[in-house]
Structures are given as structure tokens and as C-alpha cells.
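I opened my notebook for a friendly look at a new model today. Here is the entry as I wrote it, with the structure alongside.

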Amino acid sequence: MATRLPLAICFIFGLVMFLQYFSGHPLARAAYNHILDWWQIIFAFTLLVGVAAFIKSSLRKTQVKKDAPYALIALAGLILMPLLAVIDGTDIDSPFLWAFENMLAPLQATVFSLLAFFVASASFRGFRARSVPAAILLGTALVVLVGRVPLAESISELFPKVTFWIQNYPSMAARRAILIGIGLGSMTTALRVILGIERTYLSGE
Amino acid sequence: MERLKIRWIIFAGLLLVVVVSYLIDFRFGSRPSPQVQKCYDYIESLPDSAVVMISFDHEASSLPEIQPIALALLRHAFRKDIKIIGLSLFAEGTAIGYRLLNKVAGEYGKHYGQDYVFLGFKPQYISAILGLGESIRDVFPEDYLGRSLDSLPFMDNIISYEQVAMVISIADGDRTVHWIEYGNARYGQEIMAGLTAAMITSYDPYLASGQLFAVVGGLKGAAEYESLLGQPGKGGRGMLAQTSAHIYVIILIIIGNIIYFRNRSRQGRG
């Protein structure tokens, strides 16, 4: 029963969502709208589970000396931001928006910008023409790198044209192949889940 | 130890290149790419009071690249007296979107509730995108500040995508894919995007198939849009720094390969 009930729910909802796509009947539209509402509600609960898990994990980390300061700051952020929003709202001049813009945004931008340094270091150490395919890849990367800046047009009209060609033919062909593969894979997985063949979401059964 | 030293030299070099080139106020004359021109022409062709939905689907980390794109698009829309519905399908995009919308609206003397609204954030983006096609009020009964949509004159005749000319997704990831796969495929809603440069190639197949109308891509796209608007901004300002960083990386690749081939020929002789 513990397995059959979720499998039955999954089958019914999967089938209803599949069939309603092809129907304009008011009943199908109503069912669709109800399911969309429930989807939002269920997702809101998963956010609560996420917050609870984060609090639990952070509290555990406060017991470890070297992790404790980070865990405490994370917990303080988790409590303070909603508190600021509840006390003074989220309008333009609110402390909530100030904290977001002057603390969270610069912190995230800083971490993200570190990527540029690692890319520079990796391009020096790792991007080598060790073989013919690696040399082709290297040459292509250099052309695209140059072609993506305005300076390229001043050097030669050819750079933007070659960059455009690389993006629109070899790169697009590979990208399309990947997308078609993902599409077919998603359809297969969806069918397996609806038909109850794929059961890993039921505790890996 | 030697490796660590080289790494630090590379890091310091990049920092120097970016900071120095950012301090120099030089702007390239950017010729608009076909994609940017298409976006511009489309907004230019919209009648007064047309409604455009702008979704801020990005994190704070990509703000330096995303903000110039968003500002250029918002300025163009407000300049054309187009009405804007702002929203976010990424929690972090909410505060950013609200701030940007208010900032640009202030520049053009636009009023909240009459010329623009901001709906805020909705979790579970797929159901939100699908729900907006049925009823905007069902997905967002209230705006970002908790006011009922029925109390805003702007929303009087707006029910679903049918009253929205274009959805513009400003994104640093794959949220735009969901707008295409659900908003466009299911409801036929036209989708335009403002994307970080790293994401552009991911969307090329959608552009080629016509599922995605057009893209303003990266800082370069923002600079091109600014030049079309005749309004210099952060996009054009950042182009020299980006160009310098690209050239720096190219030089590093070339030096790395010279060292590699020199070492290989030495080993061959040895």
C-alpha cells in the first residue's frame, strides 16, 4: 500500500496533465488550473523543508569550532532578512533592500568575479595545443574570444563573420544534438515515472 | 612554490589590466549586431501603451553584466511610453528588478500603478509561467508591496498573456528556456531575452527556430543597445575593461603554449 498509493497518484496526475494539453473543455481547464495552484502550494512547503534543513545543518556546524562563525553568520542572515522585511517592509528605502543591495549583492558579485582569475590562470596552465584536435579547439577559442569584443571589427571585418559562422554552424549543430538528446531523455524518464517503472523517487526502490 | 608565484603574477596582472582599463573613460564605437538591432526595432515598433512583461530571472552575482542590459531595455520602453509589468522568477531578482524599475521610471516621470507595476517573486517558475497564461491575478493576486492588483488602474484590462505584447526575460541562466518551453510553446507568447555573454550560445537553437524572438547578449549587447538609444551607459563604459581582459587571456594562452612547445622540444633533444 505504501508503494501503490504514490504510484497510483503519480499515474493519475501524469495522465490528467498529459490529456488536458489536448483538450479545451472547461473541465480540463479547471483541473489544469487547480493542479497549477497545488503545484505552487506543494513547492512552498518544500521551501519550508529547505529552511528547516538549513537551520539543522547550521546548528550542527556551530558545534565545530572552525565552522561556528560562518554558521552563526548564516543563521543571523536567515533570521535578520525576513525580520527586516516584516518590520519595515520591502520598499525602496527599507532596511531590507539596503541590506540586500549593500551586503548580499556585493558579496555574490565578489565570489562570482573570482572566476575571471581562475579562468586566466587555467588558460595559461591548461589550454595547450597538445594534439591536432586540441589545436583546432584552441584556434577556435582564440577566434571567438577576439570576435566577441568591439576591437575585432577594427582589426578585420573577418573576425565577427568567422565568430558568427562558428556559433551558427558547428556550435549550433552540437547544441541541437544535445538538446534533442535531453528532450528524448526527458520524455522517456517522464513515461517511466508515470507508468511506475522508474521508482527511485520512492526511497530508491 | 614557483607555480604559486606564477599564479599570483597572473592574478595581479588581470587585476591591473581590469582596474586600469576601467579607469580610462574610453568607449568603442559599437556597431549593433543583428540581434540587438532586432530587439531595438521591435520595441521601437510597439504602439504607445503597449504592455511588455519584464522578468528579472537572475542572481545578484551577475548584476554588473545584467544591469546595463536591463537599464537599456527599460529606458527604451519608458521612452516609448510602453507600459511595463515587472516580476521575478528568481528570489534574488526581485529586489533588483524593483529597484531598477523604480529608478528608470523616476528618470522618465512614470507613475507606479499607472505606467508600471511590479508583481514580485513567485516560486516554482514552471507553474508560474503556465499560470500567467491563464490568469495573472491567480498567480499574483497582489503586487510586490502587497496591494491588490484590482486596486491598480494599470491592471484593469490585463488578464493574461493575451494582453502582453512581449515577455522579456533578463537572465543569467536557464530561466529563459522555461519561458520559451512553456510561455511560447503552450501560449504562443513572444519571448525576448537579455542574457549574460556566457549563456548566449545555449540559446542559439531557439533563436534559429524562431521560438526566441531576439537576444541582447552580454556587456557588448548592452553597449550596442546604448549606442542605438544614443544614451551612454555602463555597457559601453565596461567594454574597454572586457576587451583588455580578453586580450590578456589570449596573451596568457599564447605564452603558455610557447613555454609548452619550448619545453617539449628541449625534452625531445634531451
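My notes below go from chain B as a whole to a helix pair, the nonpolar cores and the interface.

**Chain B overall**

I started by reminding myself that this is a predicted model. I then counted elements, and chain B has 10 helices and six strands. Along the principal axes, I found that its C-alpha atoms fill a box of roughly 80 × 35 × 35 Å. I looked up burial next: 47% of the 270 residues of chain B count as buried. For contacts in chain B between residues at least 6 apart in sequence, I noted that 71% join residues at least 24 apart.

**A helix pair across the chains**

I wanted to know how α4(A) and α1(B) are oriented to each other. I took α4 of chain A as residues 95-125 and α1 of chain B as residues 2-23, and their axes cross at roughly 125° and come within 9 Å. Angles over 115 and up to 145 degrees fall outside the parallel, antiparallel and perpendicular classes, so α4(A) and α1(B) are oblique to each other. I also checked the hand, and this crossing is right-handed.

Which residues meet there? On the α4(A) side I listed A:Ala116, A:Phe117, A:Ala120, A:Ser121 and A:Phe124, and on the α1(B) side B:Arg7, B:Ile10, B:Phe11 and B:Leu14. By type, the contact of α4(A) with α1(B) has seven nonpolar residues, one polar and one charged.

**Nonpolar cores**

I moved on to the largest nonpolar core, which has 78 residues, and B:Val52 and B:Leu74 have the most contacts inside it. Helix α3 of chain B (residues 63-79) gives the most to this core, 10 residues. I followed B:Leu74 further: leaving aside neighbours within four places in sequence, B:Leu74 is in contact with B:Leu100, B:Leu101 and B:Val104. I then came across a second, separate core of nine residues, among them A:Phe127, B:Tyr248, B:Val249 and B:Leu252.

**The side of chain B that touches chain A**

How many residues are in contact between the two chains? I read off 46 from chain B and 45 from chain A. On the chain B side, the elements giving two or more residues are α1, α3, α4 (91-107), α5 (125-134), α8 (200-209) and α10 (234-269). I noted that α10(B) supplies the largest share, 14 residues. My last tally was by type: this side of chain B divides into 24 nonpolar, 14 polar and eight charged residues.

Technical notes: Residues are numbered from 1 along each chain as its sequence is written. Chains are lettered from A and ligands numbered from 1 in the order in which they are written. This is a predicted model: local features need pLDDT of at least 70, side-chain atom pairs count only at pLDDT 80 or more; totals for chains, interfaces and linings use all residues. Helices (H or I, at least four residues) and strands (E, at least two) are DSSP runs, numbered from the N terminus. A residue is buried if 20 or more other C-beta atoms lie within 10 Å of its own, exposed if 12 or fewer, and partly exposed in between; C-beta atoms are placed from the backbone. Two residues are in contact if their C-beta atoms, placed from the backbone, lie within 7 Å. Axes are lines fitted to C-alpha atoms, for helices over the stretch in contact, and angles run from 0 to 180 degrees between N-to-C directions. Angles under 35 degrees count as roughly parallel, over 145 as roughly antiparallel, 65 to 115 as roughly perpendicular and the rest as oblique. A crossing is left-handed if the near helix is turned anticlockwise from the far one by less than a right angle, and right-handed if clockwise. Ala, Val, Leu, Ile, Met, Phe, Trp, Tyr, Cys and Pro count as nonpolar, Asp, Glu, Lys and Arg as charged, and the others, Gly among them, as polar. A nonpolar core is a set of buried Ala, Val, Leu, Ile, Met, Phe, Trp, Tyr and Cys residues joined through C-beta atoms within 7 Å.
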